[in-house]
Amino acid sequence: ENLELKERVAYRPPVCEVFNRTCTTLQTEPQYQFEIDKEARRQLSHIIGNTVQRVAGTDDPDEAVRAGYTKARNIGIVFSGGPAPGGHNVIAGLFDAAKKANPATRVFGFLMGPDGIIDADYMELTAPLVDRYRNVGGFTMIRTGRTKIDNQKKMSLSRETCKRLDLDALVVVGGDDSNTNAAFLAQEMFNDDIQVIGVPKTIDGDIQVRDACGQVLCAMSFGFHTAARAFSQAIANLCTDSSSDVKYWHVCKVMGRVASHLALEVALQTHANMTLVGEDLADYVDYDRLEKAEKEGQVDYTAYGMTLRHLSRVICDAIMDRAAVGKNYGVLVVPEGVLEFINEIQVFIIKLNTIIGNYNKVHDRDFHTAFPALDDKLEYLRRLVRGIRKDVSYNVWNARDDELFNDIPEFFQEGLLTERDSHGNFQFSQVETEKVLLDLVKDYLGILKEKGRYKIGIEEGQYAKIMQTGGLDPEMYGPILFDNWKQARYLMIKKMIISKKTLKAALVKDGFLGEEDAIPAPIEKIYELSVPKFKTQTHFYGYDGRGSDPTRFDCIYTYNLGRTVFSLIANGATGQMAAILNLEQDFHNWRPIGIPIAPLMHLEERKGRLELVLEKSIVDVNAPAFRVVKAFREKWLAASPDGDHYRHPGPIRFTGTSEEDRPITLLLNALGGH
Ligand code: FBP
């Protein structure tokens, strides 16, 4: 029997105070305002006027309120996009509140994501089923999918399903794109009186909502805390491994399709030696270059942001600095979406999205079906350079693009040309981001080694010990090798000895060895210690964390989100997203609210076209969480003979007190102040 599971399913998360009242109402909160996009106003006219609503409780509702609240309903719920820990508790919270208000209310789960709505594939959720999944990770109860309801046919089929099921409300649990879907469904089914409510889900943590004045409405999507804790535990273990075996750089790619929130949280939780943050790289400015151009009366736009090559240099510097103090090992955290923030890659992605989008539209045929092999795709791009006019993208791809593109490794070219997901996003999880970077790092470290700049610091005592225990005859090898460690390093480094072959040649040339002699063991040992090898182990932290059982924070958060969803439905809301205010504060300060989705939407390029979508929230480099990481960067790199500064957050434990019970990013950013 799995005791931990038994304990989990039996746990009942506490509820916000309002949910203990006889029924709830909604109160408009006029202090929150939004800047509304013209296109959102046009396309989402029925729900654009929505406001932020606070869930209030009452023990003395008037008859009309009580009747509305307690009427028997049919409610459908769907998971959309990648799994995120806590999803089952959204269902549980909704189910419990709905059944409490009226036991005759029925809750249906659409299967396999939005396809379940389109194809009318669903099941009624029962108490035993809901109970089985309480506080348990994954989306296994009804599963999930990435289909987007993005055309009139899919929209009509969805509407038909909802009408056939006589649904009063549909709940979409998803990320930015899925909440975009929720807004369009709310608009479409407004006149059918079918309410649509969204729930902010994604481990990526990129649904964070503020109003126009910067007031926080939703500080973090659910699932983020659990995934970050799961990744952090594993990465902290690698910190231990790395500093025990002292031979590897562990390179950890961490999920987050675009935003680096997860990597940032991992940095705060583990103090790994180096953590890249995409948004920070994009923020980089090469002032020397700018100044140089300015003196010539020009503006050099390439001085803004970082190139792939420059980034590889930055990583090499960190590796070299640690090696110089004898630490040829460490842990590097690379966010999955880092390449999105690199100058030239961003340009490729935008251009290729446009080219593929244009092709699909003009030829009414799928680009990837038309050009299945990489060579075919590359040939098509080459034809664009030749300016074949019948292809509308002839002016998008130029000779310079083609040249740069041919310069990158084939597997990465293939990655950049892979099919976009159904929302038109570039699928970074399909690309070996860390390999792209590591190939460049390895090349450059090779050069640095030859120049004698990438070298390992050996302590004098260590050298002396090797010599003593090696029992070599100082008479024979002369003072150059034995007098002191600096001279041994002279031989290894200054003479550009980067392989055993060159070491032997140097020893023979200087008369220490005959052609037939083997290199004496102590000298070989010094060679091994002072001439570095860059050995890496790569890891990907993504799907594992997504499937993790939720932390207590995510259990409580999601259960209350589910209760909020029901309050929004029972009070007639539509086009709203459930959220909890004050997530960073003590639980008794949590306040359930509804956030209007339509005013959060803006135009974004997708598959080469501008589309109305919910804005993603990326890492704010001026916010406290990143500034703390920046301030400690040097310390955590630990390029000094002192120890490393690793932190071990430990595993996700359902019982006992954890070291911290909510995301550190959340706590730090709540401090505000730039
Ligand atoms: P959502 O935005 O749908 O929550 O998914 C996030 C995510 O886990 C990303 O971190 C990752 O890039 C992507 O899903 C992977 O998608 P897939 O499951 O299609 O490989």
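Modeller: A word on terms before we start: two residues are in contact if their C-beta atoms, placed from the backbone, lie within 7 Å. Keep in mind, too, that this is a predicted model.

Biologist: Thanks! Among contacts between residues at least 6 apart in sequence, what share join residues at least 24 apart?
Modeller: Start from the contacts in the chain whose partners are at least 6 apart in sequence. Of these, the part that joins residues at least 24 apart comes to 78%.

Biologist: How many of the chain's residues are there, and what percentage is buried?
Modeller: Happy to give you both. The C-alpha trace spans about 105 × 65 × 50 Å along its principal axes, and the chain holds 29 helices and 17 strands. It has 674 residues, and the buried share of them is 47%.

Biologist: In what order do the nine strands of the open sheet run?
Modeller: The pairing in this sheet is mixed. Its edge strands, each pairing on one side only, are β1 (23–28) and β5 (122–124), and the twist averages 30° from one strand to the next. Reading across, the order is β1-β2-β15-β14-β7-β6-β3-β4-β5.

Biologist: Which residue of β15 stands opposite R54?
Modeller: Strand β2 (residues 53–58) and strand β15 (residues 591–596) run antiparallel and are joined by two bridges. Opposite R54, the residue in β15 is I593.

Biologist: What angle does helix α4 make with β3?
Modeller: Helix α4 (residues 87–101) packs on the sheet, where it touches β3 (74–79), β4 (106–110), β6 (169–174) and β7 (195–200). Its direction and that of β3 make an angle of about 175°.

Biologist: Which helix gives the most to the largest nonpolar core?
Modeller: In soluble globular proteins, nonpolar side chains tend to be buried together. Here the largest nonpolar core has 176 residues, and L94, V171 and I235 are among those with the most contacts inside it. With 11 residues, the helix that gives the most is α27 (residues 552–570).

Biologist: Which residues does I235 touch, leaving out those up to four places away in sequence?
Modeller: I235 is one of the residues with the most contacts inside the largest core. Leaving out those sequence neighbours, its partners are C252, V266, T270, A272, V331, V333 and Y541.

Biologist: And around the ligand, how many residues of the shell are charged?
Modeller: The ligand is surrounded by 15 residues, the closest being G81, G82, G175, T202 and R257. Glycine counts as polar in this classing. By class the shell has four nonpolar and six polar residues, and the charged ones number five.

Key: Residues numbered from 1 in each chain as written. Predicted model: local features only at pLDDT ≥ 70, side-chain atom pairs only at ≥ 80, totals over all residues. Near = placed C-beta within 6 Å. Pairing = 2+ DSSP bridges. Helix = DSSP H or I, 4+ residues; strand = E, 2+ residues; numbered from the N terminus. Axes fitted to C-alpha atoms, helices over the stretch in contact; angles between N-to-C directions. Buried ≥ 20, exposed ≤ 12 C-beta atoms within 10 Å, placed from the backbone. Core = buried A, V, L, I, M, F, W, Y, C linked by C-beta atoms within 7 Å.
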